[in-house]
Amino acid sequence: MKRKSNDIPIKKSTALFFDLVTGLSPEVHSKKRMLSDMKGMYSDKDAYEIMLDQQDSLIYEFYELGIPKTPHHLAYGTTILYPGKVGNEYFMTKGHFHQKLATAEVYYCIKGHGMLLMENPMGNVEIQKFSPGIAVYVPPNYAHRSINTSSSGPLISFFAFRADAGHDYKTIETKGFRKLIVEQDGKPKVIDNPNWNR
Ligand code: ZN
């Protein structure tokens, strides 16, 4: 049965279904990020404009369940990141710091292959590979972005974080990550971001 809103009851226990093949839930609505929402995020601006002229593709979707933003609660859901590239850069999530910077997050990969790119304001970079069954812990202070390095299926992960952490997208939108994950000779490669803006 479809819920009318994503505000799930939180004074009782809740059980939600997330599909292990699609990552989607029939019970709550996902938020969608289209190619047009990713302006300025890919390094190859020309490739981005050409792609967008052809089609405004769905890049990823994820869940916001309306859980109260207090330290007592946990926000959770799935992210479904579709395969593709802009130029030679793989489809990725925008990536964010938490507004409460010193809050952690955990991702559990359900399906697909990719990476979780992380960096803290001091410039330390961490990269973990995603494959089904892998749980990646994002320590406090680290921005995080998922990257789908598969040419076929979606990268599906389940996430949970302190509900009052908040999202700071702006820092990454303006500065970018220090590293990019691109395809070179048919394989994912980590390179320095030539446009990284300190
Ligand atoms: Zn987060």
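In the predicted model, a salt bridge joins the side chains of D164 and K100, with an N to O distance of 3.7 Å. D164 is in the loop between β12 (155-162) and β13 (167-168), whereas K100 is in the loop between β6 (97-98) and β7 (105-111), so the contact ties together parts of the chain that are 64 residues apart in sequence. D164 is buried, at a relative accessible area of 11%; because the limit for burial is 20%, K100, at 41% relative accessibility, falls outside that class and counts as partly exposed. The 3.7 Å separation lies within the 4 Å cut-off applied to such pairs.

A second salt bridge is formed by the side chains of R178 and E119, at 2.8 Å from N to O. This pair also links distant parts of the chain, 59 residues apart: R178 belongs to the loop between α2 (170-175) and β14 (179-184), and E119 to strand β8 (residues 114-119). Both R178 and E119 are buried.

The side chains of K39 and E49 form a further salt bridge, with an N to O distance of 3.0 Å. K39 is located in the loop between β1 (30-34) and α1 (45-54), and E49 in helix α1, so this bridge connects parts that are ten residues apart in sequence. K39 is exposed, with a relative accessible area of 59%, while E49 is partly exposed, with a value of 35%.

Salt bridges also link K94, K170 and E173 in a network. In total, ten salt bridges are counted in the model. In general terms, side chains of opposite charge can pair when their charged atoms come close.

The strands β1, β7 and β12, named above in locating the loops, belong to an open sheet of six strands, with the order β1-β2-β3-β12-β7-β10 and antiparallel pairing. The edges of this sheet are formed by β1 and β10 (135-138), each of which pairs on one side only. From one strand to the next, the twist averages 20 degrees. Within the sheet, β7 and β12 are paired in the antiparallel sense over six bridges. Y107 has F159, in β12, as its bridge partner. The loops that hold D164 and K100 are thus described by reference to these two strands, the loop of D164 lying between β12 and β13 and the loop of K100 between β6 and β7.

Definitions and conventions: Residues are numbered from 1 along each chain as its sequence is written. This is a predicted model: local features need pLDDT of at least 70, side-chain atom pairs count only at pLDDT 80 or more; totals for chains, interfaces and linings use all residues. Side-chain values use heavy atoms; hydrogens and water are left out. Helices (H or I, at least four residues) and strands (E, at least two) are DSSP runs, numbered from the N terminus. Buried means under 20% relative accessible area, exposed over 50%, partly exposed in between (1.4 Å probe, protein chains only). Two strands pair if DSSP finds at least two bridges between them. Axes are lines fitted to C-alpha atoms, for helices over the stretch in contact, and angles run from 0 to 180 degrees between N-to-C directions.
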